[in-house]
Amino acid sequence: PYEFPRVTESRLDGGLTVLVADLPGRPLVSATILLPIGAADEPAESAGATVLMARALSEGTQRYDAIALTEASERLGASLHAEAGWDAMSASVEVPASRLAPAMDLLAELLLRPTFPENEVERLRDERLNDLLQAQADPRRRADETYIGTVYAASSPYHRPSAGTRETVERLDRDVLIATHARILDPARATLIVAGDLGDTDVVGLAERLLGGWQAADGAAAGARPVDDAAADVGRLVRVVHRPGSVQTEIRIGHRGAPRRIPDFHAVSVMSAILGGLFNSRLNMQLREAKGYTYGAGAGFDLRRGAGPFTARAAV
C-alpha cells in the first residue's frame, strides 16, 4: 500500500500559494514555481514567445550572467530549470535538503529578475529557426506538424507547434520576451510546491522572505482565457506529404480529442494505455509483433486545458 504524503497549503500576503510535502528519507528536495499561463494563451502573432522566454530565463539575471548562475547552482549541487508548455510555465530547482535556502534564492532570482540579454535572445531565436529548418528534413516532425495543422482550425493555437513557426519566431526579440514575462508574472496565480526531507525547515517562512515581495508586473494577464480548441471542418481527410528519399513512411491518424478536466479521466487514461500506451498494448502487439510492419506503434490522448489531439502513430 502507498501512503500519500500529507500536503500543507499556505498563502503568502502577496498571493502566492505554497504547497509543502515533507518526505522523510528523501534528501533531494524539489522546489517548483508553477504559473498556469502557457503557449495557448499568447497572441498568435508572437507564437513561440512563451517557450523562448522560459528558455532565456537562465541566460542572465540582475545578479548573475549565464555562466555565473550555472556556477552558483553547481556549487550547491543544485539543478535549475525553466520550461513552458501549452498550459503553464514552471521554474524549478532540485538540491540537497541542507542547501535548500540558497537554492531557492537562485530560483527566485531566475524567475523574478531575468535580464534577457539581447545577444542571448538572438542566439536562442536562431537556434529555434535552425530547428524549424531541420524539421523540414525529418519525416516524423513533418508528419506531426502537418497532422496538427489539419486537425485544428486556423484560429486555434493548437493548429501550430507550441514553440512557434518560422513566421512568428522571426519576429521575436528581447522586447517581446520582456512583455511575455510580465504578462505571466502574477503571484496570485502562481503556486510554489516544495517536496523532500524538510525536517524542521520553515518552508513558508523561507518563501515569505524570498518571494513575499513579489508583485504582479504591469501588463500581467487578468486571468486564464478559454482556449480556442476548435477542430477544422474537414470531415474525413487523407493528406500525403511527399519527401523523396525517406526510408519509412510516417503515419498519423486521429482527431480533436478531450480536455484534461473530464469526469471519466481515469477510464480514458486506462483505455488509452491498453490501446496504444504500452509495449504490450493492442496496436503495438498487432502491428509490431503479429504483423511485423513496424518497430513500434502507439496511440493516446494529449490532454490539455483545451481539447488536445488524439493520435495513433507508426513509422512503416
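**Buried acids, salt bridges and helix contacts**

Visitor: What is the relative accessible area of glutamate 59, and is this residue buried or exposed?
Guide: Glutamate 59 counts as buried, a class kept for residues under 20% relative accessible area, whereas exposed means over 50% and partly exposed lies in between (1.4 Å probe, protein chains only). The model is a predicted one, in which local features need pLDDT of at least 70 and side-chain atom pairs count only at pLDDT 80 or more, while totals for chains, interfaces and linings use all residues. Residues are numbered from 1 along each chain as its sequence is written, and side-chain values use heavy atoms, leaving out hydrogens and water. For glutamate 59, the relative accessible area is 14%.

Visitor: With which side chain does glutamate 59 meet in a salt bridge?
Guide: The structure as a whole holds 20 salt bridges, each being a side-chain nitrogen of Lys or Arg within 4 Å of a carboxyl oxygen of Asp or Glu. In one of them, at 3.0 Å from N to O, the side chain of glutamate 59 meets that of arginine 123. Glutamate 59 sits in the loop between helix 1 (49-56) and helix 2 (66-75) and its partner in helix 4, so the bridge ties together parts that are 64 residues apart in sequence. Unlike the buried glutamate 59, the partner is partly exposed at 33% relative accessibility, and that partner is arginine 123.

Visitor: Which glutamate forms a salt bridge with arginine 123 at 2.8 Å?
Guide: This second partner is found in helix 4, as is arginine 123, and the two are separated by about one helical turn because they are 3 residues apart; helices here are DSSP runs (H or I, at least four residues; strands E, at least two), numbered from the N terminus. Its relative accessibility of 19% makes it count as buried. The residue whose closest N and O atoms with arginine 123 are 2.8 Å apart is glutamate 120.

Visitor: Which residues are joined into one network by salt bridges that share partners?
Guide: Arginine 123 is bridged to glutamate 59 and also to glutamate 120. Taking in the further bridges that share partners, the network consists of Arg55, Glu59, Glu120, Arg123 and Glu127.

Visitor: Which residue meets glutamate 109 in a salt bridge?
Guide: Glutamate 109, with a relative accessible area of 0%, is buried, and its partner, arginine 63, is partly exposed at 45% relative accessibility. Their side chains come to 3.5 Å from N to O. The pair links distant parts of the chain, 46 residues apart, with glutamate 109 in helix 3 and its partner in the loop between helix 1 and helix 2. The residue that meets glutamate 109 is therefore arginine 63.

Visitor: What is the phi of phenylalanine 116?
Guide: Phenylalanine 116 belongs to the loop between helix 3 (100-112) and helix 4, and at 2% relative accessibility it counts as buried. Although phenylalanine 116 is not a glycine, its phi is positive, at about 45°.

Visitor: Which residues does threonine 180 touch, not counting residues up to four places away in sequence?
Guide: Threonine 180 lies in helix 7 (residues 174-184), and its relative accessibility of 5% places it among the buried residues. With contact taken as heavy atoms within 4.5 Å, and with residues up to four places away in sequence not counted, threonine 180 touches Ala49, Thr50 and Met53.

Visitor: In which helix does arginine 183 lie?
Guide: Arginine 183 touches residues including Ile37, Asp41, Thr50 and Gly219, when residues up to four places away in sequence are not counted. The helix that holds arginine 183 is helix 7.
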